[in-house]
Amino acid sequence: MKKKTQDPRFAQADKEALLSLAAYGLYFVWWYVCAYGLGSGDPDQYSYVWGLPSWFFYSCIVGYPLITVLLWGIVRFKFREMPLDDDPETGFGQDVSSATQAAEQEEGQP
Amino acid sequence: MKTPLMTIIPVVVYLVLSFAVALWARRRTSMDGSSQGFLEDYFIGGRSMGGFVLAMSIIASYTSASSFVGGPGVAYSLGLSWVLLAMIQVPTTFLTLGVLGKRFAIMARRTRSVTITDFLRARYQSDAVVILCSVALLVFFMAAMLAQFIGGARLFQAVTGYPYMVGLVLFGITVVLYTVVGGFRAVVLTDAIQGIIMVVAVVVVLLGVVEAGGGMAKCVATLKEIDPGLITPTGPDNAVPRPFILSFWVLVGLGILGLPQTTQRCMAYRDSRAMHDAMIMGTLIIGFLILCAHLAGTLGRAVIPDLEVGDLAMPTLILELLSPFWAGVFIAGPLAAIMSTVDSMLLLASAAIVKDLYVHYVLKDDASRVPTASLRKMSLFATGVIGLLVFVAAIEPPDLLVWINLFAFGGLEAVFLWPIILGLYWERANATGAVCSILTGASTFFALSILKPDMGGIHAIVPTTAAALLAFAAGTLLGGRSDRIP
């Protein structure tokens, strides 16, 4: 699969895969920093939110809705809908050229 | 509390519902007549999953007995640290869908792949890769299904008081029958129902525990009195050291990309919108399930402090805290989790025999050489026989299979992870690399799991993943350039 015959849908698909990895990375950082940043001290010194130790509250109870919202944003604004079946004529998707053009226009005006 | 009849009613209602869905799915199955059409329909539902069903299906195929009984049981012993560990699983749905992504969906359609093995065959054009993968899949799946059956039947026994065999027959027969009859469509539809039941179940038990413990703050205070370690991120006596917990980011994060029953979902959705919706819904639902189930296990320690075995925590909490009817609703939750894991494995094991081995090697990839009716009979038959084999094995569990199950998930990851990922994203990846990676991954994982060398708390999957990656790269570079990419 040479570069010049690369299916144009793959470029967008690769970008989306990287964004998913980035979201995974962000969730990890949040989880790690909250849990060990707030929770490494003496349990007697813990502060509490809603009856739970704050390290747990922020890393687990807050962390997971937060990543869901972040993900919603990423999917809503960065992911593109595309046909998944191949067009028998070209071997590529049918509406790819128009879809990518529309995508480029949208990106020009945020 | 000895009113097992009330407990069993919700369970039976739920099992009957699963049957109804299978029959309905069977009628939906398109009868367009071609053999390839039948295979695509029976094993992958004609790639018709929408967002909600896709999300539920990925969650249900991933969550198993351990998410409801084993995991919360450890959380009972080790406190909030284990909930912290469990929450690493939150990104699994969006990571699987996102990283395999549309590239995977497009390539699967282009190559008409129905199973992961199909995809690997089309990508690497290698019999060695196909046979290694099919064998690994069959062996690990049989062992994993057996363990799920045993777990389910024991749980049923603990909660209802009925003998082990009754539970085994009830849900073992149900899951085998509806999978045989309804194929992939029945599997994913029951997955969706099972997902909903799991959500209801965890909410019921968490609320029950918090109420019995006198509120959240009081529960946590009681835990701290029992052992301050229960409310720290590292657990009592540093039972959950940091290198160990960080390994789980590799095991459940990266690793889930290597579980065939989960990744197959990523080639079965209807369109890109279904994938987008599933990424968000899936994350929301799996996070909720895991948080509630494990938190209930942890806080349960404040209500019933003196259990000796963590595994008993959930069944005991259910019996002590819930009315018989609600106990039945809860018990349907883990049963649902078990059945939804077993059904997808069953179907994939059957696909490995019918599609990956029979159609390819006996029919030379031309499914139209046999009439659809006999291919259909054969698929149903293969699914049924595998199911019955596992069922019979579960009556008197053979030690060997129980032992293999300990390595099933890690082993699948070691075999499938890099061939799938690098096959997708590395143009030069070739069959030599894939074979090296499969052999190195599996043997490293087995060796490390058996010898248990001191690795400072790091889980065996971390060095395994690294070794498999190196082997893949080395094999690919030595194996020469491949230009047989579909």
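**Entry 1: helix H2 of chain B**

I began with the surroundings of H2(B) in this predicted model, and found that its buried residues pack against helix H9 (164-212), helix H15 (324-362) and helix H16 (372-395) of chain B. I then looked up how much of the helix is covered, and 9 of its 10 residues turn out to be buried. I listed them as B:Ser35, B:Gly37, B:Phe38, B:Leu39, B:Glu40, B:Asp41, B:Tyr42, B:Phe43 and B:Ile44. Just past the end of H2(B), I noted that B:Gly45 takes a positive phi of about 65°.

**Entry 2: B:Arg47**

I moved on to B:Arg47, which sits in the loop between helix H2 (35-44) and helix H3 (51-62) of chain B. Is this arginine buried or exposed? I recorded B:Arg47 as buried, because its relative accessibility is 9%, which falls under the 20% limit.

I next asked which backbone oxygens lie by its side chain, and found two entries to write down. The backbone oxygen of B:Ser113 is 2.7 Å from a polar atom of the B:Arg47 side chain, and the backbone oxygen of B:Met267 is 2.9 Å from a polar atom of that side chain. Setting aside neighbours within four places in sequence, I listed the contacts of B:Arg47 as B:Glu40, B:Ala108, B:Arg109, B:Arg112, B:Ser113, B:Met267, B:Ala268, B:Tyr269 and B:Arg270. One of these, B:Glu40, is also among the buried residues of H2(B).

**Entry 3: positive phi at B:Arg112 and B:Gln125**

B:Arg112, which I had met as a contact of B:Arg47, belongs to the loop between helix H6 (92-110) and helix H7 (116-124) of chain B. I noted that B:Arg112 has a positive phi of about 55° although it is not a glycine. As background, most residues other than glycine have a negative phi. I classed B:Arg112 as partly exposed, because its relative accessible area is 47%.

I wrote down a second case at B:Gln125, a residue other than glycine whose phi is positive and near 50°. B:Gln125 is placed in the loop between H7 and helix H8 (127-160) of chain B, and with 46% relative accessibility it counts as partly exposed.

**Entry 4: H6 against H13 in chain B**

I followed H6(B) to its packing with helix H13 (residues 272-303) of chain B, where the axes are 7 Å apart and the angle is about 160°. The two helices are therefore roughly antiparallel. On the H6(B) side I listed B:Thr92, B:Thr93, B:Phe94, B:Leu97, B:Gly98, B:Gly101 and B:Lys102, and these meet B:Ser272, B:Met275, B:His276, B:Ala278, B:Met279, B:Gly282, B:Thr283 and B:Ile286 of H13(B). By class, I have 6 nonpolar, 8 polar and 1 charged in this contact.

**Entry 5: H19 against H20 in chain B**

How do helix H19 (residues 431-451) and helix H20 (residues 461-478) of chain B cross? I found that their axes come within 7 Å and cross at roughly 155°, so H19(B) and H20(B) are roughly antiparallel, and the crossing is right-handed. The contact includes B:Gly433, B:Ala434, B:Ser437, B:Gly441 and B:Phe445 from H19(B), and B:Pro463, B:Ala467, B:Ala468, B:Phe472 and B:Gly475 from H20(B). I counted by class 10 nonpolar and 9 polar residues, with no charged residues.

**Entry 6: B:Asp191**

I looked up B:Asp191 in helix H9 of chain B, and marked it as buried because its relative accessibility is 0%. Beyond its neighbours within four places in sequence, B:Asp191 is in contact with B:Met56, B:Ser57, B:Ala60, B:Arg265, B:Ser340 and B:Asp343. I also took a distance to B:Thr160, which is 31 residues away in sequence and 24 Å away in space, C-alpha to C-alpha.

**Entry 7: chain A**

I closed with chain A, which has 3 helices and 2 strands, arranged from the N terminus as α-β-β-α-α. Of its 110 residues, 41% are buried. I also noted that, among its contacts between residues at least 6 apart in sequence, 65% join residues at least 24 apart.

Within this chain I picked A:Ser54, in helix H2 (residues 54-78) of chain A. A:Ser54 counts as buried at 7% relative accessibility, and, not counting residues up to four places away in sequence, it touches A:Leu38, A:Ser47, A:Tyr48 and A:Val49.

Conventions
Residues are numbered from 1 along each chain as its sequence is written. Chains are lettered from A and ligands numbered from 1 in the order in which they are written. This is a predicted model: local features need pLDDT of at least 70, side-chain atom pairs count only at pLDDT 80 or more; totals for chains, interfaces and linings use all residues. Side-chain values use heavy atoms; hydrogens and water are left out. Helices (H or I, at least four residues) and strands (E, at least two) are DSSP runs, numbered from the N terminus. Buried means under 20% relative accessible area, exposed over 50%, partly exposed in between (1.4 Å probe, protein chains only). A polar contact is a pair of N or O atoms within 3.5 Å; within protein, one must be able to donate a hydrogen and the other to accept it, and residues adjacent in sequence count only if both atoms are side-chain atoms. Contact means heavy atoms within 4.5 Å. Axes are lines fitted to C-alpha atoms, for helices over the stretch in contact, and angles run from 0 to 180 degrees between N-to-C directions. Angles under 35 degrees count as roughly parallel, over 145 as roughly antiparallel, 65 to 115 as roughly perpendicular and the rest as oblique. A crossing is left-handed if the near helix is turned anticlockwise from the far one by less than a right angle, and right-handed if clockwise. Ala, Val, Leu, Ile, Met, Phe, Trp, Tyr, Cys and Pro count as nonpolar, Asp, Glu, Lys and Arg as charged, and the others, Gly among them, as polar.
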